[in-house]
Amino acid sequence: MSDPTQASGTWRLDWPTSRGGRVAAAELKRTPKDFRVFEDLGLTGFPDEGEPANAPSAGEHLCLQLEKSGDNTEYVARQLASLSGCRHFDVGFCGLKDRHAVTRQWFSLYRPGMEAGDEAFVAQVCERWPVLAWIRSPRKLRRGDHRGNRFEITLRDVAGEPAAIDQALSELAVSGAPNYFGPQRFGHHGANLDRALTLDPTTLNRPGRKGGKKGGRGRRSSGSQDSKNVLYFSAARSWLFNEVLGQRVVEGNWRELLDGEPGSGPEPMPQVTGPLWGDGGTEAVAVQGALERDVVAQAPGLEALFSQTRMKPERRPLVAIPQQLHWQWLEVDVLRIDFWLAPGQYATTILADVFELREGASNPE
């Protein structure tokens, strides 16, 4: 694999595609309505998309399904906390959704004993965002609780041979795409990776990081910096995963089990995975372990971060297969694509395996 240059501002942020190139170019998110996301919660007691809502329910958490556009998930969570009068960490959600899109997702708010005021509170929230459904639940929503997300995406100014695009999308529905982390995780020109290189790895090991009850005044700024540090470490971990996956795409074995795949055996058939680096590096051994360590060794600055973090090595699937993939040519250069993805998979990454994407006016970064 070519040298993944790590000088400031020159990180690799575009990795090999499954075909060795893209078959077309297109504009993404000309308007927020061109990128719609519907959270599939799939939790007992919660209505599915389109089902009747506001059925009798009970619990200390008021859960709202909102439709939003132009606001990111964390901003909405903070605003809901302010409206409700609860602490910001008493607002739960399952995942971050794109700001430059029309998204429907659930939020939970800790409001014990306040059931009588729910209807008035929902009406107050409706002044800011449409509330599509609301119920009471005994538990807070947490990251990754949802079953997945459904996407309705309209690409414009599509430039390419329609037959080649149709063929590539047909293959995508069957064989999937490399399950890269999206470039937004790494910051503008890889700025989050630059910051990761400046961190003291032991900052993730400080006692009391999660407690927040001791220390009194002055803890807020420390907690904010801790959150940023976690973001930078996560970016480093994700970039190393992408590098390993990119190498396997180049070698043509990214869909194949290699000798040394963690958990491999006759039953059940394991997924093909790559490393989320941690203390000790990777759980893979033999051929696969050697490949992963060789790739990560090319980024010694990032590799060194994990030697003292006490982060347990984890695994992530190398292949992302969009479910229920359908597409329709609305005009000669306008293509609508609908599909469903599991949590932790990125719609733009899936599409970027087929299309050279450029961001539209609604997302000018």
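A residue is called buried here when its relative accessible area is under 20%, exposed when that area is over 50%, and partly exposed in between, using a 1.4 Å probe and protein chains only. By that reckoning, 47% of the 365 residues of the protein count as buried. The model is a predicted one, in which local features need pLDDT of at least 70 and side-chain atom pairs count only at pLDDT 80 or more, while totals for chains, interfaces and linings use all residues. Residues are numbered from 1 along each chain as its sequence is written, and side-chain values use heavy atoms, with hydrogens and water left out.

The predictor's confidence in each residue is given as pLDDT, on a scale from 0 to 100; its mean over the protein is 88, and 87% of the residues reach 70 or more. Over residues 208–221, however, the pLDDT is below 50, and this stretch has 8 contacts in the model beyond near neighbours in sequence, a contact meaning heavy atoms within 4.5 Å.

The secondary structure comes to 8 helices and 14 strands, where helices (H or I, at least four residues) and strands (E, at least two) are DSSP runs numbered from the N terminus. Among contacts with a separation of 6 or more, 81% join residues that lie 24 or more positions apart.

One place to look at the packing is helix H2, residues 118–126, in which Asp-118, Phe-121, Val-122 and Val-125 are buried. Seen down the axis of H2, these buried residues fall within an arc of 100°, so they line one face of the helix; the arc is that of the directions from the helix axis to the C-beta atoms. Their cover includes strand S3 (61–69), helix H1 (73–84), strand S5 (102–110) and strand S6 (131–137), whereas Glu-119 and Ala-120, on the other side of H2, are exposed.

A second place to look is Phe-35, which is found in strand S2 (residues 35–40) and is buried, with a relative accessible area of 4%. Leaving aside residues up to four places away in sequence, Phe-35 touches several others, including Leu-28, Val-102, Phe-151, Ile-153 and Ala-347. His-100 is 65 residues from Phe-35 along the chain, yet their C-alpha atoms are separated by 7.7 Å.

Finally, the cysteines: a search of the whole structure finds 0 disulfides, a disulfide being a pair of cysteine sulfur atoms within 2.5 Å. Cys-63 is buried, with a relative accessible area of 0%, and its sulfur is 9.0 Å from the closest cysteine sulfur, in Cys-94, which is too far for a bond. Cys-126, by contrast, counts as partly exposed, at 39% relative accessibility.
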